[in-house]
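With the model open in a viewer, please follow the stops below in order, making each selection before reading what is found there.

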Amino acid sequence: MKTVILLMCSLIGYLFGSIPTSIVIGKIFFKKDIREYGSKNAGGTNAGRVFGKKVGLIVIIIDIIKTIIPIIASYFICKYTSLNNYGVTDYAYQFSAIFCVIGHCFPIFAQFKGGKGVSSFAAIIFCTNWLLTIIGLSTFFLVLKLKKYVSLSSISCAFILPIIALVFTIVNLPIGMYYASYSYFYTLTIAISGILLIIMHRSNIKRLINHEERKIKWM
């Protein structure tokens with residue numbers, strides 16, 4: 001039964017993550033497929049470049065919400081129903097979280113061509129850990145202020161936050177989580193999500209190395 005519950009949470013997370021926000025908005029309101037313009041990525045950053053900053057922000061917010069919903073739902077359903085008897089609460093929401101990121105990057109509803117996982121990764125941190133949220137936001141905007149690269153800021157967070165989560169787990173930090181203690185499995189969840197984010201940014205990494213990545217102009 002535990003396996004069935006985890007599989008269901010994973011499936012729910014993947015299906016929510018697969019909702020192609022920028023593609024839907026682009027086709028309905030602009031009659032364009034976002035994957036044919038700009039960086040040809042279906043994430044919020046490219047949506048902002050192609051359709052405008054307001055649209056990009058809307059895409060990011062919706063992408064964050066679509067990740068938070070299955071994570072919270074998985075936790076509370078497994079915590080406050082008879083499913084709690086199977087002892088899978090802490091694992092359920094984390095499986096859901098990981099597969100949300102996978103769905104966002106490889107959406108079944110959009111020929112497996114999605115975003116780069118930034119919004120989903122941020123949503124996982126935001127809805128599970130207030131301390132890592134503060135650290136992540138500080139890291140993101142500090143790197144963005146110094147280097148002017150959104151991709152580098154995202155990659156930096158994906159690299160640093162799992163390491164910090166691991167340190168907090170080792171020292172058994174008693175604060176930080178909304179509804180669970182630090183654990184090696186939670187660290188693994190953050191690490192897997194971060195690694196996928198970094199992999200999805202491999203073209204950005206090449207451009208950064210070659211000094212060809214586009215810088216922001218509003219900071």
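## Helix H6 and what covers it

Begin by selecting H6, whose buried residues are covered by elements that include H4, H5, helix H7 (130-147), H8 and H9. What you have open is a predicted model, and the values quoted along the way should be read in that light. Colouring H6 by burial shows that the helix is mostly covered, since eight of its eleven residues are buried. To display them, select Ser119, Ser120, Phe121, Ala123, Ile124, Ile125, Cys127 and Thr128, which are the buried residues of H6.

## Two buried hydroxyl residues

Move next to helix H8 (residues 150-170) and pick out Ser154, which is found there. Ser154 counts as buried, because its relative accessibility is 5% and the limit for that class is under 20%. Which residues is Ser154 in contact with, leaving aside its neighbours within four places in sequence? Show Val118, Phe140, Leu197 and His201, and you have the contacts of Ser154 counted in this way.

Then select Thr189, which lies in helix H9 (residues 184-200) and counts as buried at 1% relative accessibility. Once residues up to four places away in sequence are set aside, Thr189 touches Gln94, Ala97 and Ile98.

## Helix H3 and its surroundings

Turn now to H3, where Gly44, Asn46, Ala47, Gly48 and Phe51 are buried. With these selected, bring H2 and helix H4 (53-80) into view as well, as the buried residues of H3 pack against both. Just after H3, stop at Gly52 and check the backbone, where phi is positive, at about 115 degrees.

## Aromatic rings

A pair of aromatic rings is described by the distance of the centres and the angle of the planes. Counted by a rule that places ring centres within 6.5 Å, the aromatic pairs come to seven. For a stacked example, select Phe30 and Phe51, whose centres are 4.4 Å apart and whose planes make an angle of 10 degrees. This pair links distant parts of the chain, with Phe30 in the loop between helix H2 (21-29) and helix H3 (44-51), Phe51 in helix H3, and their positions 21 residues apart. The two partners can also be compared by accessibility: Phe30 is partly exposed at 32%, whereas Phe51 is buried at 11%.

An edge-to-face example is found by selecting Tyr75 and Phe76, with 5.2 Å from centre to centre and 90 degrees between the planes. Here Tyr75 is buried, with a relative accessible area of 5%, while Phe76 counts as partly exposed at 39%. Extend the selection to Tyr80 and Tyr93, because ring pairs link Tyr75, Phe76, Tyr80 and Tyr93 into a cluster.

One further ring deserves a stop: at Tyr37, look over the face of the ring for Lys32, which lies 5.1 Å from the ring centre.

## Salt bridges

How many salt bridges does the structure hold? There are three, and they can be visited in sequence order.

Select Asp33 and Arg35, whose closest N and O atoms are 2.9 Å apart in a salt bridge. Asp33 is buried, with a relative accessible area of 14%, and Arg35 likewise counts as buried at 14%.

Continue to Asp63 and Lys66, which form a salt bridge with the closest N and O atoms 3.2 Å apart. Both residues lie in helix H4, where a spacing of three residues amounts to about one turn of the helix, and both Asp63 and Lys66 are buried.

Finish this group with Glu213 and Arg207, a salt bridge in which the closest N and O atoms are 2.7 Å apart. Is each partner buried or partly exposed? Glu213 counts as buried at 10% relative accessibility, whereas Arg207 counts as partly exposed at 28%.

## A nonpolar patch on the surface

For the last stop, switch to a surface view and select Met1, Val4, Met8, Leu11, Leu15, Ile19, Tyr86, Phe106, Ile108, Phe109 and Phe112, which form a nonpolar patch with about 1000 Å² of accessible area together. Within this selection, centre on Phe106, placed in the loop between helix H5 (89-105) and helix H6 (118-128). Phe106 is partly exposed, with a relative accessible area of 32%.

Notes. Residues are numbered from 1 along each chain as its sequence is written. This is a predicted model: local features need pLDDT of at least 70, side-chain atom pairs count only at pLDDT 80 or more; totals for chains, interfaces and linings use all residues. Side-chain values use heavy atoms; hydrogens and water are left out. Rings of Phe, Tyr and Trp (its six-membered ring) pair if their centres lie within 6.5 Å; planes under 30 degrees apart count as stacked, over 60 as edge-to-face and the rest as tilted. Helices (H or I, at least four residues) and strands (E, at least two) are DSSP runs, numbered from the N terminus. Buried means under 20% relative accessible area, exposed over 50%, partly exposed in between (1.4 Å probe, protein chains only). A charge sits over a ring if NZ of Lys or CZ of Arg is within 6 Å of the ring centre and within 35 degrees of the ring normal. Contact means heavy atoms within 4.5 Å. Patches are made of residues with over 30% relative accessible area and no salt bridge: like charges are joined within 9 Å, nonpolar side chains (Val, Leu, Ile, Met, Phe, Trp, Tyr) within 5 Å. Accessible areas come from the Shrake-Rupley method with a 1.4 Å probe; for residues, only the protein chains shown count as cover. A salt bridge is a side-chain nitrogen of Lys or Arg within 4 Å of a carboxyl oxygen of Asp or Glu.
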